[in-house]
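Student: I've got a structure open and I'd like to test the labels people put on it. Can we go through them one at a time?
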Amino acid sequence: MSDAREAAGAPVTRSRVVTGMILRTRRGGLSIRVPGRALAVTAVLLAALVVVMGITLTTGDYELSVGEVLRAVTGNDAGAADFIVNTLRMPRLLTALCVGAALAVSGAILQSLTANALGSPDIIGFTNGSAVGALVVIIVLHGSMTQIAVGALIGGLATALVVYLLMLGRGLQGFRLVVIGIGVSALLLAVNSYLITRATFQEALEAQAWLIGSLGNRGWQHANAILVAVAVLLPLAFVLSRRLTMVEMGDATAVALGVRVTGARTALLLISVALASFATAVTGPIAFIALAAPQLARRLTGAPGPALASSALTGALLLTASDLAAQRVFSPALLPVGTATGTIGGLYLIWLLVTESRKSRA
């Protein structure tokens, strides 16, 4: 048929068949193509996450069956299982899920904006800024847990403002953002060290415990706070993901496609900083989730652009699995989850640097 059309001189449109699923709104105003590989990876990540959640809720010092957990979750069990699941394990699990997703999406946005695998909030310094805010509340103001969380949030946003002002008039270019962020991060680490040296012994212990990053003793107030933050910020990130993909193609291409590059970069940067700040405010600075999860998600899905949904699932899975390992493998020792993620992330960072070095030599 196409040969006949060509012979008749009619224009022929050739198309390549792409596997996957097309998601459209009812009126057809918005359509999204989801590749088949991304769908498969998302399904596997969800299945693995459900398994980790089930193990977390059923195992421990007091083991429960799946039926007991389900009855406790649905409110049909008022006994010991209800206390163990709904008071001890569920808030910690939900906090881990949301913090992991928030850090991963924050890292995915920054890595896309900077076009650099090292562009994550813990490398650039936003989490260190949150740590400064929390330490000021702990050591100087002697505040409560809620005030510590507010201080961490203010510290992260203030750090982002400082980085933005240092780049003002030069554009939010990727390499410049990474370099300035690393410099600001080094200064903030020095401030953290100074604050700890000025603290009493008890305050220094509390501050150091918070700086490691932990999910221990996290209750519903922590889970609800990060749930609200994620419920507001993640949809905004997903809505702007298409613009993020265009910005990643380059400024000229993005402008040609109708994207206001400066406005899009600023909005995405604010969302990334807010996600990292809220996550750090709840648990302390948990290292390397924001760095590793987006890269792993891209490699798993084979996505050419920022895979925010799969990054969120990967981050949630990494943090919940790390917390499960910290609780069960090293029991009865109370190992903070930041220690586990720091160990895994350090190995990943070494591998990443070696890989990037080989690419640059080639």
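Tutor: Sure. Let's start with glycine 315, which has a relative accessible area of 0%. Keep in mind that this is a predicted model.

Student: Why is glycine 315 called buried?

Tutor: Buried means under 20% relative accessible area, and glycine 315 has 0%, so the label holds. Glycine 315 sits in helix 15. Its C-alpha atom is 7.0 Å from that of leucine 103, although the two positions lie 212 residues apart along the chain.

Student: What makes arginine 92 and aspartate 323 a salt bridge?

Tutor: The cut-off is a side-chain nitrogen of Lys or Arg within 4 Å of a carboxyl oxygen of Asp or Glu. Here the closest N and O atoms are 2.8 Å apart, and the pair is arginine with aspartate, so by that definition it counts. As background, side chains of opposite charge can pair when their charged atoms come close.

Student: How many salt bridges does the structure hold?

Tutor: One. Arginine 92 belongs to helix 4 and aspartate 323 to helix 15, so the bridge ties together parts that are 231 residues apart in sequence.

Student: Are those two partners buried or exposed, and how do you know?

Tutor: Put both against the under 20% limit for buried. Arginine 92 comes in at 18%, so it counts as buried. Aspartate 323 has 4%, so it is buried too.

Student: What about leucine 141: why is it called exposed?

Tutor: Exposed takes over 50%. Leucine 141 has 58% relative accessibility, so it qualifies. You'll find leucine 141 in helix 6, residues 126-141. Together with Val136 and Val140, Leu141 makes a nonpolar surface patch of about 260 Å².

Student: Where does arginine 92 turn up again?

Tutor: In the second largest pocket, which holds about 900 Å³ of space. It has 31 lining residues, and Arg92 is one of those closest to the centre, along with Gly216, Asn217, Gln327 and Leu334.

Student: Which helices supply at least two residues of that lining?

Tutor: Helix 4 (80-114), helix 7 (145-167), helix 9 (201-212) and helix 15 (308-328). Helix 4 gives the largest share, five residues.

Student: How does the lining of the second largest pocket divide into nonpolar, polar and charged?

Tutor: There are 15 nonpolar, ten polar and six charged residues. Watch the glycines when you check this: Gly counts as polar in this scheme, so Gly216 goes with the polar residues. Arg counts as charged, so Arg92 goes there.

Notes:
Residues are numbered from 1 along each chain as its sequence is written. This is a predicted model: local features need pLDDT of at least 70, side-chain atom pairs count only at pLDDT 80 or more; totals for chains, interfaces and linings use all residues. Side-chain values use heavy atoms; hydrogens and water are left out. Patches are made of residues with over 30% relative accessible area and no salt bridge: like charges are joined within 9 Å, nonpolar side chains (Val, Leu, Ile, Met, Phe, Trp, Tyr) within 5 Å. Accessible areas come from the Shrake-Rupley method with a 1.4 Å probe; for residues, only the protein chains shown count as cover. Helices (H or I, at least four residues) and strands (E, at least two) are DSSP runs, numbered from the N terminus. Buried means under 20% relative accessible area, exposed over 50%, partly exposed in between (1.4 Å probe, protein chains only). On a 1 Å grid over the protein atoms alone, a cavity is a set of points where a 1.4 Å probe fits but cannot get out, and a pocket is an open set with protein on both sides within 12 Å along at least five of seven lines; lining residues have an atom within 4 Å of a point. Grid points are joined across faces, edges and corners, and a volume is the space filled by probe spheres set on the points.
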